[in-house]
Each structure stands twice: as structure tokens, then as C-alpha cells.
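User: I would like to go through this protein fold step by step, beginning with how its elements are assembled and then turning to its charged side chains. Please reason through each reply before giving the result.

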Amino acid sequence: MSKKVLSLLLVALLAVSVFAGCAPKEEPKEEAPKEEVEAPKEEAEAPKEENGDFRVGFVTDIGGIDDRSFNQGTWEGIVKYADEKSWEKGTEYNYIQSNEEADYIPNLSAFGDDKYNIVVAAGYLFENAMKKVAPQYSDINFVIIDSVVDQPNVASVVFAEEQGSFLVGVAAAKQTKTNKVGFVGGMDSKLIRKFHAGFVAGVHSVNKDIEVVDQYAGDFGNAGAGQQIASTMYESGIDVIYHAAGGTGNGVINEARNRVENGEDVWVIGVDKDQYADGIYDKENNKSVILTSMMKRVDVAAYSMVQAAQKGEFPGGKITALTLAEDGVGVPVENPNLTEDIVKEIDAYKEKIVKGEITVPSTMEDLETFQDSL
């Protein structure tokens, strides 16, 4: 064998031994990426296993999903629960917008036909529709907020709106400089009269001489009407308006914002959720026309009902009542426009109501009796 051939053979053997020696070191590098890629897939699929094809449907009333009040608050409760579970909107939870009362039955039925596990309806206007639809889908859980429907698969959630309204009535009475405040209702109904009666009771518990002017718009989704009513009230000397009007109330807020920007000293009391952000007119300094809001925790109600249904603990056929004692109604924790003295006054009245020392009227008839006792 020549020296040249021998040299080539040694080089070849050396190359084989080098690659053979490196091979074990490269194997972990090939396996590691596989483990890193597979782990996230397992994490992403986990919520799907927890969901178990559980689906939630929400039907709005005519106020709409973005009414910044009742419907929006209810939807936010559902979204909060869904976000915690990493559910996918449109697949595991969704909503249907109702544009008129005639939409209620077909919208509720649509979720029933699609075999949703729980269907939430926002508002007492759904009462008749729920009575007709729920019996047709006995295997589906339905929730109606603000009314009672006596069906085994319907959970009814009601609130002590009059109690929360009493507290904001106290705030209005302490804040007004003209001794003249207003109440703007949406549709004139038994429910909205609870807001009305409680508010007047709170105002007059502080000062019986304060005049309370009221007007109903006949609509929960007409911001233009709300703004016109507010304009008339402010022009008459009213400086604080409490609205219980859903989307119509947005017009009240708009009117107050316009007037404050022009130097007037007027206020609005929001409803259902903390509406402070909706009344901001000075973003730089975070100043708002919202004096405070009557919080009605529809978000908590929706969240808890969905949670109960998924756990197999749905309270079908039962009524859940949320009062001041459960913080189902009340004022926000933070109230930038309320003085410390007003907050203390509100807290004092809240304690009396919770202890049963004050029974807040929930009807206009009870209000008359209440006022006679002051």
C-alpha cells in the first residue's frame, strides 16, 4: 500500500470517529425543540377540556349591547367569566341583539335551537317571551334578570333597586345648590318606579323641602329624548338628575357634559354600573359630570349564574334577590365627586337600611306613607 493511499485511509477513519463522537451531543438538541413546541399546545387545549362544550348565550333588550348601562353590564359579567376560562367568543359564548320587542322570542329560541347550555336575558321586558320559550327547551337553563318567571329551568334574579336609589337620593340632596333635583325614567313600569320611589325617599330623608321633578321618556334606547328632557330640566333650575333610563340616559349625560363645558354647575347620577367614565369632559384631569352611580350588579348576577350552571348547581325555579346587604346594589367604591361628608352620610343610611331601621319604599304608594312619617 502506497503512503498516499495509507494517508487517505487514515483521514477517512479519523472523520468517522469525529462524527461518531459528536452524534450523542447532537441528540439532545434535536429532542429539546420538540418538548418546547408540544408544551404550549397542551396549555392551549386545557380550557377546552374544562369547557366541555359548554356554551353561553346572551340576548339584549332594545337598549343594546353597548348601552353603557344594563345590557353592557350583564354582558361584561359573562365576558369576565369567559375570559377567565379562555373561551372563544362566537363559539363558546355569544350574544344576539334585540332591536324591538318582537325579536325577543325568536332570539331566545335561536340559542335554544342551537342547544346552548345557558341563555341569559336582560330585562323585565323578556318576561312574556321567557314564559313562552323556556317550556319548549326544558333541557336548557334560562336566566331572566329583573323579573320572575316560574319555570323549573328558569333562574330569576331581582334587585332591591329602591335601596340603592335611596343612597344616591341622599347624595343628590347633599349636593344640590338649588334645592331642585330631577329623575328621568326610561319606560314607565313597576320596576322603574322602584328606582323613582327610592330616590325620592332618599332625597326627602335629608331635606323634605327639596323639589323632585320626574319625567319618563317611554324608551330605553333614545339618547335624543334623554338629552331633550335633561335640557328642559336643567333650564328649569334643576342641578342634579338621576336617570334610570338605560341608553336613553346617555343623552342626559351628554347634555350635562355640554353644559359643564360651558361653565354650568350641573350633575348626573348614573345607573346600573359606574358611569363615571361616560361623563368625563376633561380627560387630562379625569373630571366627570357623574356625581355617583347607583350600582346594580348585573355583572355579578350574570357571572354567578353562568358559573353555577357549569358546576351543575343552576338554581332553576328559584328567585335570587340581591340587596344592599349582599352589595347587590349600592354606590361605587370610588366616588371622586363626592365629599367625605357625603360619603359618611351615605354609609350611615346604608347601615340603617341593612339593619332594618329604615324600610325603603318600592312603590309610589309606599312612598307617600314613607314621606308622611318623616
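Analyst: Two strands pair if DSSP finds at least two bridges between them. The model is a predicted one, and the pairing of its strands is a good place to begin.

User: How many bridges join strand 3 to strand 4?
Analyst: Pairing requires at least two bridges between two strands. Strand 3, which covers residues 118-122, runs parallel to strand 4, and one bridge partnership sets isoleucine 118 against asparagine 141 in strand 4. The number of bridges that join strand 3 to strand 4 is five.

User: What is the order of the strands in the open sheet of six strands?
Analyst: The sheet has parallel pairing, and its twist averages 20 degrees from one strand to the next. Its edges are strand 2 (93-96) and strand 13, each of which pairs on one side only. Read from one edge to the other, the order is 2-1-3-4-5-13.

User: Which helix packs on the sheet?
Analyst: The protein has eleven helices and 14 strands. The helix in question touches strand 1 (56-59), strand 3, strand 4, strand 5 and strand 13, and its direction makes about 155 degrees with that of strand 5. Spanning residues 298-310, it is helix 9.

User: What share of the contacts with a separation of 6 or more comes from residues 24 or more positions apart?
Analyst: For the protein as a whole, buried residues make up 49% of the 374 residues, while the accessible surface comes to about 18100 Å², with 48% of that surface belonging to carbon and sulfur atoms. Among contacts with a separation of 6 or more, the share from residues 24 or more positions apart is 70%.

User: Are lysine 296 and aspartate 146 buried or exposed?
Analyst: Lysine 296 forms a salt bridge with aspartate 146, their closest N and O atoms being 2.6 Å apart. The pair links distant parts of the chain, since lysine 296 belongs to strand 12 (residues 290-296) and aspartate 146 to the loop between strand 4 (141-145) and strand 5 (154-159), 150 residues apart. Both residues also belong to a network of salt bridges that includes Glu161, Glu162 and Lys194. As for their accessibility, lysine 296 and aspartate 146 are both buried.

User: Which residue of the salt bridge between arginine 259 and glutamate 264 is buried?
Analyst: The closest N and O atoms of arginine 259 and glutamate 264 are 3.1 Å apart. Buried means under 20% relative accessible area. Glutamate 264 has 34% and is therefore partly exposed, whereas the residue with 8%, and so the buried one, is arginine 259.

User: Where does lysine 350, the salt-bridge partner of aspartate 327, lie?
Analyst: The side chains of aspartate 327 and lysine 350 meet at 3.1 Å, N to O. Aspartate 327 is in the loop between strand 13 (319-322) and strand 14 (329-330), 23 residues from its partner. Aspartate 327 counts as partly exposed at 46% relative accessibility, and lysine 350 likewise counts as partly exposed at 28%. Lysine 350 itself lies in helix 10 (residues 340-354).

User: Why does alanine 277 count as exposed?
Analyst: Alanine 277 lies in the loop between strand 9 (267-272) and strand 10 (280-282), and its C-alpha is 8.2 Å from that of isoleucine 290, 13 residues away in sequence. Exposed means over 50% relative accessible area. Alanine 277 counts as exposed because its relative accessible area is 57%.

Technical notes:
Residues are numbered from 1 along each chain as its sequence is written. This is a predicted model: local features need pLDDT of at least 70, side-chain atom pairs count only at pLDDT 80 or more; totals for chains, interfaces and linings use all residues. Side-chain values use heavy atoms; hydrogens and water are left out. Helices (H or I, at least four residues) and strands (E, at least two) are DSSP runs, numbered from the N terminus. Buried means under 20% relative accessible area, exposed over 50%, partly exposed in between (1.4 Å probe, protein chains only). Contact means heavy atoms within 4.5 Å. Accessible areas come from the Shrake-Rupley method with a 1.4 Å probe; for residues, only the protein chains shown count as cover. A salt bridge is a side-chain nitrogen of Lys or Arg within 4 Å of a carboxyl oxygen of Asp or Glu. Axes are lines fitted to C-alpha atoms, for helices over the stretch in contact, and angles run from 0 to 180 degrees between N-to-C directions.
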